[in-house]
Amino acid sequence: MELRDYQKGSVDELRDALRRYRHVIFQLPTGGGKGVVIGAVSSMAMGKGNKVLILAHSEEIIRQDAGHCVKWGVETATVLSKTKKAPDAPCVCMMAQTARQRVKKEDWLWWLRGFKMIILDECHRAEFDFVFDIVPSETYIIGLSASPARYGSQRQLGLDYEAIVTGPTVQDLIDLGFLCKCRLFSLDAPKMDDVEWSSSRGDYNLSQMADKFKSQARYVGAVENYQRICPGEKCLVFCCSSEQTIQVTKAFCEAGIDARYCLSGDFDEDEEYSGERKDIIDGFARGDFPVLVNFGLFTTGLDIPDIKVVMLMFSTTSLVKYLQCLGRASRPASGKNGEFICMDFGLNFERLGRYEDDREWGVWHKTGAGGGVAPTKICPQCQKMIAVQYSDCPFCGYHFPTKQEIGRAHV
């Protein structure tokens with residue numbers, strides 16, 4: 001295995017950051033080869049005699065990461081929910097949800113604390129927060145994400161990470177031929193003015209937003225625009241509710257377009273238009289049917305390069321969700337001619353920009369509905385970078401005096 005030139009440069013920056021910090025985020029756009037980098041970094045760590053634990057939130061990602069490690073010659077074990085005994089391999093890929101439950105037992109806790117390096121794949125997700133509360137302070141933690149951002153009242157990444165290393169931009173990778181450009185179609189979308197914003201989700205209230213998209217006219221509109229713009233192309237549809245997912249699938253099938261859907265949980269496996277998730281994904285990858293509809297599953301972990309179309313049947317204020325969905329079709333493949341199609345039924349590009357736009361990433365976020373990277377300041381006592389809204393440093397407790405306090409001190 002070999003790294004591409006831009007991957008080598010980014011890994012060198014990451015290694016330099018790890019000489020100064022223990023907890024570092026590594027950002028690389030979807031399709032930029034994050035799994036390859038995980039394999040390379042794991043190989044380098046093990047070359048120094050360090051055991052590596054890789055945590056992810058889905059089985060699909062776990063299996064992909066394990067596969068990349070094996071390609072780099074790394075002896076790798078996989079831990080899923082059914083795994084009962086902690087493996088003795090030098091590199092382990094494990095579900096974050098499983099790890100969180102297992103460390104309640106002392107033997108698993110000490111096993112996890114024995115890893116010198118922990119890699120968190122899709123580190124913007126909250127499933128990994130528990131790790132920072134249980135590992136020794138000297139443990140190296142690398143968080144990888146294409147879009148390391150959080151919103152609202154979600155835990156600030158800056159409380160856990162000391163630095164962020166950013167890779168090339170989306171436009172850089174398009175220019176190099178490693179990603180496709182986006183051909184955007186903005187289509188009829190519901191108004192979201194009266195939909196509440198959830199601070200805990202960092203996004204629109206899900207049930208209220210789903211109600212906006214729940215109509216037969218919108219289901220038919222999705223099908224008609226698919227037939228008009230990109231008939232027969234491999235299309236991944238993102239919905240905002242289980243009901244919408246099923247109804248959109250039916251609308252495609254009733255129009256003579258073979259479609260299947262996937263939902264989380266077991267209730268979908270006996271439905272006429274669905275089945276076992278792995279069978280559905282494999283069939284879609286083979287081209288057995290052109291349209292796959294889902295709700296809440298495939299923003300990450302679905303690596304099918306010849307997906308030509310993403311259809312966004314939702315509205316969001318989350319840049320993470322928006323870019324992750326677009327990234328499912330961003331990889332080059334035969335027949336794509338260097339571009340993919342986004343059919344945006346939620347006016348998301350108006351809120352969040354175009355796929356190719358340059359974006360700023362940081363470990364601190366604004367807590368309001370607008371989101372974005374928060375301005376920062378340096379604590380004069382511990383030299384940590386913190387968000388400007390803190391009046392007391394969350395790391396050392398240093399109090400930033402107000403103008404009134406400074407004035408009183410001078411009297």
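This report describes the fold, the two sheets and the aromatic contacts of one chain.

## Overall build

The model is predicted. The secondary structure comes to 14 helices and 17 strands. A compact globule of 411 residues would have a radius of gyration near 22 Å, and the chain agrees with that at 22 Å. Along the principal axes, the C-alpha atoms fill a box of roughly 75 × 60 × 45 Å. Of the 411 residues, 54% are buried. Contacts often reach far along the sequence: among those between residues at least 6 apart, 67% join residues at least 24 apart.

## The seven-stranded sheet

One open sheet has seven strands in the order 3-4-2-5-6-1-7, with parallel pairing. Strand 3 (76-79) and strand 7 (163-166) stand at its edges. Each has a single partner strand, so one side of each is left without a neighbour in the sheet. Neighbouring strands are turned by 20° against each other on average, direction ignored.

Look at the strand 3 edge. Strand 3 runs parallel to strand 4 (residues 91-95), and four bridges join them. Thr-78 has Cys-93 in strand 4 as its bridge partner.

Now the strand 7 edge. Strand 7 pairs with strand 1 in the parallel sense, over four bridges. Here Val-24 stands opposite Ala-163 of strand 7. In a regular strand, side chains alternate between the two faces of the sheet. Strand 7 has Ala-163 and Val-165 on a covered face, and Ile-164 and Thr-166 on an uncovered one.

Two helices lie on this sheet. Helix 2 (residues 34-47) lies across strand 1 (23-27), strand 2 (52-56), strand 4, strand 5 (117-121) and strand 6 (140-145). Helix 2 runs at about 175° to strand 5. Helix 3 (residues 59-71) touches strand 2, strand 3, strand 4 and strand 5. The direction of helix 3 makes about 170° with that of strand 4.

## The six-stranded sheet

Another open sheet has six strands, ordered 8-15-14-11-13-12, again with parallel pairing. Strand 8 and strand 12 (259-262) are the edge strands. Each has a single partner strand, so one side of each lacks a neighbour in the sheet. The twist averages 20° from one strand to the next.

Inside this order, strand 14 (residues 309-312) pairs with strand 15 (residues 339-344) in the parallel sense over four bridges. Leu-312 has Asp-344 in strand 15 as its bridge partner.

Helix 9 lies across strand 8, strand 11 (235-238), strand 13 (291-294), strand 14 and strand 15. Its angle to strand 15 is about 150°. Helix 10 also packs on the sheet and touches strand 11, strand 12, strand 13 and strand 14. The direction of helix 10 makes about 170° with that of strand 12.

## Aromatic contacts

The structure holds nine aromatic pairs. A pair of aromatic rings is described by the distance of the centres and the angle of the planes. Two of the pairs are tabulated here.

| Pair | Type | Centre to centre | Angle between planes |
|---|---|---|---|
| Tyr-6 and Phe-178 | tilted | 5.5 Å | 55° |
| Tyr-226 and Phe-252 | edge-to-face | 5.5 Å | 80° |

The Tyr-6 and Phe-178 pair links distant parts of the chain, 172 residues apart. Tyr-6 is in helix 1 (residues 5-20). Phe-178 is in the loop between helix 7 (170-175) and strand 8 (181-186). Tyr-6 has 12% relative accessibility, so it counts as buried. Phe-178 has 27%, so it counts as partly exposed.

The Tyr-226 and Phe-252 pair links two helices. Tyr-226 is in helix 9 (residues 216-229) and Phe-252 is in helix 10 (residues 242-254), 26 residues apart. Both Tyr-226 and Phe-252 are buried. Helix 9 lies across strands that include strand 11, strand 13 and strand 14, and helix 10 touches these strands too.

Trp-108, Trp-111 and Phe-115 form one aromatic cluster.

Charges also meet rings. The charged end of Arg-113 sits over the ring of Trp-110, 5.2 Å from its centre. Lys-321 lies over the face of Phe-314, at 4.2 Å from the ring centre.

Methods:
Residues numbered from 1 in each chain as written. Predicted model: local features only at pLDDT ≥ 70, side-chain atom pairs only at ≥ 80, totals over all residues. Heavy atoms only, no water. Pairing = 2+ DSSP bridges. Axes fitted to C-alpha atoms, helices over the stretch in contact; angles between N-to-C directions. Contact = heavy atoms within 4.5 Å. Phe/Tyr/Trp six-rings, centres within 6.5 Å; stacked < 30°, edge-to-face > 60°. Buried < 20%, exposed > 50% of the residue type's maximum accessible area, 1.4 Å probe, protein only. Lys NZ or Arg CZ within 6 Å of the ring centre and 35° of its normal. Rg over C-alpha atoms; globule rule 2.2 N^0.38 Å.
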